[in-house]
Amino acid sequence: MLCYLADEDLDNHILKASRRRDSQVDWVRVQDIGLSGCDDELILQLASEHQRVVVTRDSSTMPDAAYRRVESAESMPRVIVVPHRMAIVQATDKLLFLAKESTVDEWMGQVIYLPL
């Protein structure tokens, strides 16, 4: 099962809905581990060290930071970008599905955009 790291741009309603529907999915928010205001590179480094998939709504800077890690041959877990226009229910459905049906190794070094 995937473990998620929610960055500051992720809507907390998505996180709460996910936790309500399946408490077994492991979520950590950057705010809860002292990374509020940190740059994307540090968040990606931490996610890589702890085998967590980054979930964000930041489609402008986070993907670029992720691709830089890939180009530098640094370990980079998957980054999932949830578009702002996506409904909370739909985003929750997709994230729960991916958490249960994927492994971190399947998607290493990739940035994916919901919906799939």
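What follows describes the nonpolar cores of this predicted model and the packing of two of its helices.

The largest nonpolar core holds 21 residues, and those with the most contacts inside it are Tyr-4, Trp-27, Ile-80, Val-82 and Leu-95. Four elements each give two or more residues to this core: strands β1 (3-6) and β3 (53-56), and helices α1 (12-21) and α4 (88-101). The largest share comes from α4, with five residues.

Tyr-4 shows how these parts are connected. Beyond its neighbours within four places in sequence, Tyr-4 is in contact with Val-25, Asp-26, Trp-27 and Val-28, with Arg-52, Val-53 and Val-55, and with Ile-80, Leu-95, Leu-98 and Ala-99. A second core, separate from this one, has 15 residues, including Val-30, Ala-47, Ala-66 and Val-111.

Next come helices α2 and α3. The axes of α2 (residues 40-49) and α3 (residues 62-71) come within 9 Å and cross at roughly 60 degrees. Because of that angle, α2 counts as oblique to α3. The crossing is right-handed. On the α2 side, the contact is made by Asp-40, Glu-41, Ile-43, Leu-44, Gln-45 and Ser-48; on the α3 side, by Met-62, Ala-65, Ala-66, Arg-68 and Arg-69. By class, the contact of α2 with α3 has five nonpolar, two polar and four charged residues.

Helix α3 also contains Glu-71. With a relative accessible area of 69%, Glu-71 is exposed, because that value is over 50%. Between Glu-71 and Thr-61 there are 16 Å in space, C-alpha to C-alpha, and the two are ten residues apart in sequence.

How values were computed. Residues are numbered from 1 along each chain as its sequence is written. This is a predicted model: local features need pLDDT of at least 70, side-chain atom pairs count only at pLDDT 80 or more; totals for chains, interfaces and linings use all residues. Side-chain values use heavy atoms; hydrogens and water are left out. Axes are lines fitted to C-alpha atoms, for helices over the stretch in contact, and angles run from 0 to 180 degrees between N-to-C directions. Angles under 35 degrees count as roughly parallel, over 145 as roughly antiparallel, 65 to 115 as roughly perpendicular and the rest as oblique. A crossing is left-handed if the near helix is turned anticlockwise from the far one by less than a right angle, and right-handed if clockwise. Contact means heavy atoms within 4.5 Å. Ala, Val, Leu, Ile, Met, Phe, Trp, Tyr, Cys and Pro count as nonpolar, Asp, Glu, Lys and Arg as charged, and the others, Gly among them, as polar. Buried means under 20% relative accessible area, exposed over 50%, partly exposed in between (1.4 Å probe, protein chains only). A nonpolar core is a set of buried Ala, Val, Leu, Ile, Met, Phe, Trp, Tyr and Cys residues joined through side-chain atoms within 4.5 Å.
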